Amino acid sequence: FINNNNEEKMKAFNSKRNKRKRQSLSSSTLMKALTAMFAFYALWFVFVLSEMENVPVNSDNDNKLWSRIPHKVFGSVRMSSASIGDEDSSRKIAIEDRQKENDSGTEDVPEEKQRQQHNSFKRIRKQLSNFHFDLDDAIKAIDHYPKRIKTLMAYLETTPFDNEIPKTRSRGVKRDPKDLGTPPQYINPLPVRRTTPRDLIPVEYPKVDSCNDLQAKLPVDAGLIFDEKGNRLIPNTKSRRFTFNYLDEAKYCPVDADPFLPWIHDVFPSVNGDTIHFVAQNKRRCNTGSNFHEQLQRLEPQVALMQPVSVKILGNDDSVANEVNSGLWSPASDDEEYIEDMPRYRLSSFEDADVELSRFICRFYTIQLDQETGQTVDVIIGETLSVFPINYEFVNLRKRKATMLSPKGKDNGLFWLSNFRFDCPVPDNGNLRESIASGITVLPDGTPTVYVDVVPIRTNPRFGMEQSYFNADMVGPDFFTNKENRRPAFSSYSKKEFGFDANEVFGHKHVLPRVEASGRWANIPICKAPQRPPTRNELEEEESSTGSADAISVVQNVQDGIQKKPFTLSACVWASATFHTRGGDRKVDDTMERTREWIEYHLMMGFDHIYIYDNSHANTNATDLKETLAPFSAAEVTRIEWPSIVCNNNLPAHENTGERSSQYAAESSCRQRYGQYTNWIAAFDTDEYFVPMGKYANLKDMLNDAEAKGTNVLSFRSTRAYPNYYFMEKYGDGGECGKMEHPLCLQKKSDATFLETYNCDFLPLPKPDWSDRAKKQIYRPDYVLSHFVHYSTVTQGILATYKEKKSEGKSWNYWYSEDKNSERFIDELEEAVMIHSKTTVPGNTKGYEKTCKLGFVGKYYEKCRIGFPIANNIKIENATTPEGYEYNCYTNEKVTNLYIPKLREAMRRRSRKSLDIVSPNDTT
């Protein structure tokens with residue numbers, strides 16, 4: 001293998017050179033030959049150093065060989081231009097200055113004393129109680145030895161379980177959607193993993209060393225890479241079979257190499273500091289076509305992570321663990337890199353468990369300065385077992401689904417299994433929680449001082465509802481006896497009784513390896529809790545009292561999020577300055593122009609705050625939405641840098657079904673971060689407009705009335721609007737749209753708004769039932785715990801257990817359906833309606849002069865995509881314009897007569913205000 005550690009390579013090289021020098025050379029010819037050889041090696045070495053960044057890790061396909069080789073892989077994480085900002089630059093300069101000061105002030109220590117200190121020095125310690133975080137001590141530890149600032153690591157455990165019985169699994173019949181395949185059979189009990197630290201492959205992500213733009217730096221994907229022709233080097237519209245070196249790809253993202261590692265997109269603490277929230281995605285959903293069977297099988301652990309297990313804590317002594325199951329690795333007492341007497345765990349049943357439903361070990365630690373040696377040390381400050389805010393296996397049962405995963409892998413319809421959230425409780429140790437809540441554990445330059453390792457508990461996935469892990473309190477006693485005679489998901493399961501038997505599958509001796517000997521995420525920085533944006537009143541008061549809004553504290557009165565929320569209505573938007581439509585068919589680059597108008601409109605309609613997850617740097621390195629959002633205040637808009645790439649941009653109907661992972665993770669992050677500050681929240685796009693109807697002139701009044709009636713979710717049907725011909729102009733591009741002097745296409749006029757241009761729907765109100773499938777929703781985040789684009793996938797209602805309902809004197813059923821009052825469709829005539837103004841690119845208007853004529857009948861792809869408004873929205877058969885175009889679209893008169901004039905005035909005011917800020921003394 002190739003080791004990227006230059007220092008080690010130099011030492012090895014010099015050692016060989018010195019050995020040659022000591023040898024007796026009796027022949028001048030031999031001397032010349034050796035001299036020439038040395039010159040060749042020197043040139044080679046310089047070349048290797050210069051090309052090191054571009055050399056891929058050379059790996060053997062045999063994972064067992066890799067697991068026996070101790071080595072380190074240095075990863076690389078994409079850094080967008082927005083992420084490499086003044087904060088990180090000043091931080092690096094400050095660190096370098098501190099290093100110079102420390103180097104110049106260090107006194108020489110006698111060699112013998114250094115040896116004595118080294119022999120008795122442990123680089124890792126523990127303080128599991130009475131911990132006291134001291135900011136000055138943390139700064140001293142970092143200042144004294146800045147190289148101890150930690151970077152994110154992944155320790156890969158690549159050896160799979162070897163208990164699957166060969167030839168027992170099958171993917172099923174390819175063309176039969178009902179044939180989900182045959183799940184594998186396993187030898188029980190599950191083999192104990194006897195791994196050691198040397199079996200793990202460490203991968204470093206050096207860019208992830210601070211809390212500045214953490215979401216933009218997490219190793220989610222390889223980033224935006226172009227070839228010499230400007231094409232994506234890694235396309236995300238795939239259907240052909242492809243293979244890649246998993247270990248080589250680990251330098252970008254380690255999940256394919258070790259699929260038990262969660263695909264983390266965001267991480268942050270709770271406001272009160274007692275929990276670390278993780279937002280992840282299920283990477284197995286990225287490619288599910290028939291050509292990806294190898295990846296689908298390899299990534300089955302991604303679903304296993306969403307299935308809880310029970311854990312028994314054995315105590316803080318390795319000898320206890322070895323009494324249960326001998327031969328497990330434990331460190332020597334004099335090993336400076338490890339600590340003795342840490343908690344040990346084994347898999348158990350519900351009855352024996354200390355923690356009934358978990359999946360990760362969470363180890364917390366900080367860094368401190370050792371006063372005797374002057375070196376920084378890791379101090380473990382506690383371990384906890386993760387908890388599930390959502391029991392995904394339970395949700396899957398109540399959704400009436402037979403299994404969480406199938407051997408065939410076509411599980412994209414299980415939307416609630418796309419997002420994956422889990423929590424690590426923060427140890428109740430001294431002032432640790434209080435310190436995390438206050439944010440003082442993060443230094444002013446963004447350097448974290450508290451970290452967490454996340455260690456997955458590895459088991460085989462559970463196939464089929466009949467293998468689900470429940471107890472009687474959750475599903476009632478009749479589930480296990482299968483009193484209702486429910487049909488198993490897979491015919492290979494002959495059991496008449498339902499339920500996962502942990503004692504049979506795990507046994508009573510399945511002790512988990514120590515943290516240090518387990519594959520894991522390491523050095524995950526614990527940053528500050530999500531800061532609440534100021535309200536507009538708070539911002540105005542601050543500006544009037546200080547003359548500036550720069551000093552406002554956006555975390556003031558954070559307890560409002562628990563008692564009286566500061567916002568009524570907020571929006572989450574995943575947007576990019578430029579992007580390609582699904583399937584890569586068309587490039588759309590009008591987002592910047594759209595976004596300003598769209599934000600202005602929805603602020604006018606009653607939205608308190610809008611969170612923009614800026615995905616621009618997943619599509620281009622040339623621009624983003626920063627300047628677009630600049631005219632809006634901190635009380636109106638928050639921008640989050642979000643450069644993760646959609647893992648599969650195919651159409652939903654494609655054989656290799658599309659999975660817009662970046663969008664789904666952004667929505668999950670937004671709801672989890674900011675839902676605590678608002679009564680209602682919506683996730684929708686910049687081409688979708690919510691329009692108050694009937695007696696309502698804003699959305700807040702409508703939502704307040706809906707909440708009073710017990711509504712938690714309001715759904716808006718979606719039909720595509722088309723551009724109004726009278727707001728369009730001729731367009732030629734020298735290509736498919738013809739020359740400028742003979743244009744063949746149409747485009748929106750520059751002085752027209754998008755809302756008025758697309759206020760032209762081919763269908764009248766109310767919209768038909770088939771438009772339900774593309775619906776968008778406004779929902780209450782306190783009730784909806786997980787949302788997926790069009791659907792409220794997990795609610796408080798679906799999580800209600802058998803015991804809870806029985807204690808309330810109510811009935812409980814395996815299958816759950818939302819109450820009609822709780823989730824309903826909006827009344828489009830009396831409450832609100834949605835206009836979907838999806839961009840019609842100029843190329844799609846070509847041929848309108850033929851296709852929009854009355855009576856035209858062409859091929860299936862020849863359609864009129866231009867609207868000609870019907871007068872007074874009263875359809876008259878065979879009525880045409882003077883040019884013979886059929887009147888074909890309905891307009892919203894409230895938009896035309898009321899909202900468009902208000903929108904134009906609001907945009908003019910915003911423009912004048914922006915000019916005043918830029919040129920306050922300009923009177924022209």
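1. Starting with the largest cavity: its lining residues split into eight nonpolar, one polar and three charged. Keep in mind while reading that this is a predicted model.

2. Who sits around that space? The lining of the largest cavity is made up of C572, V573, W574, Y613, Q663, A666, E667, A683, F684, D685, K776 and V789. Strand 15 (567-575) and helix 20 (661-674) each put at least two residues into this lining.

3. On volume, the largest cavity holds about 110 Å³ of space. How many cavities of 30 Å³ or more are there? The count is seven.

4. Next, have a look at S792, which you'll find in strand 27 (residues 791-795). Is S792 buried or exposed? It counts as buried because its relative accessibility is 9%, and the cut-off for buried is under 20%.

5. The side chain of S792 has a polar contact at 2.8 Å with the side chain of Q777. Q777 also turns up among the contacts S792 makes once neighbours within four places in sequence are set aside. The others on that list are K399, V713, Y779, V784, S786, H787 and E823.

6. Last, P219. This residue belongs to the loop between helix 7 (214-217) and helix 8 (246-249). Despite the loop address, P219 is buried, with a relative accessible area of 4%. Its C-alpha atom lies 5.7 Å from that of Y252, and the two residues are 33 residues apart along the chain.

How values were computed: Residues are numbered from 1 along each chain as its sequence is written. This is a predicted model: local features need pLDDT of at least 70, side-chain atom pairs count only at pLDDT 80 or more; totals for chains, interfaces and linings use all residues. Side-chain values use heavy atoms; hydrogens and water are left out. Helices (H or I, at least four residues) and strands (E, at least two) are DSSP runs, numbered from the N terminus. Buried means under 20% relative accessible area, exposed over 50%, partly exposed in between (1.4 Å probe, protein chains only). On a 1 Å grid over the protein atoms alone, a cavity is a set of points where a 1.4 Å probe fits but cannot get out, and a pocket is an open set with protein on both sides within 12 Å along at least five of seven lines; lining residues have an atom within 4 Å of a point. Grid points are joined across faces, edges and corners, and a volume is the space filled by probe spheres set on the points. Ala, Val, Leu, Ile, Met, Phe, Trp, Tyr, Cys and Pro count as nonpolar, Asp, Glu, Lys and Arg as charged, and the others, Gly among them, as polar. A polar contact is a pair of N or O atoms within 3.5 Å; within protein, one must be able to donate a hydrogen and the other to accept it, and residues adjacent in sequence count only if both atoms are side-chain atoms. Contact means heavy atoms within 4.5 Å.
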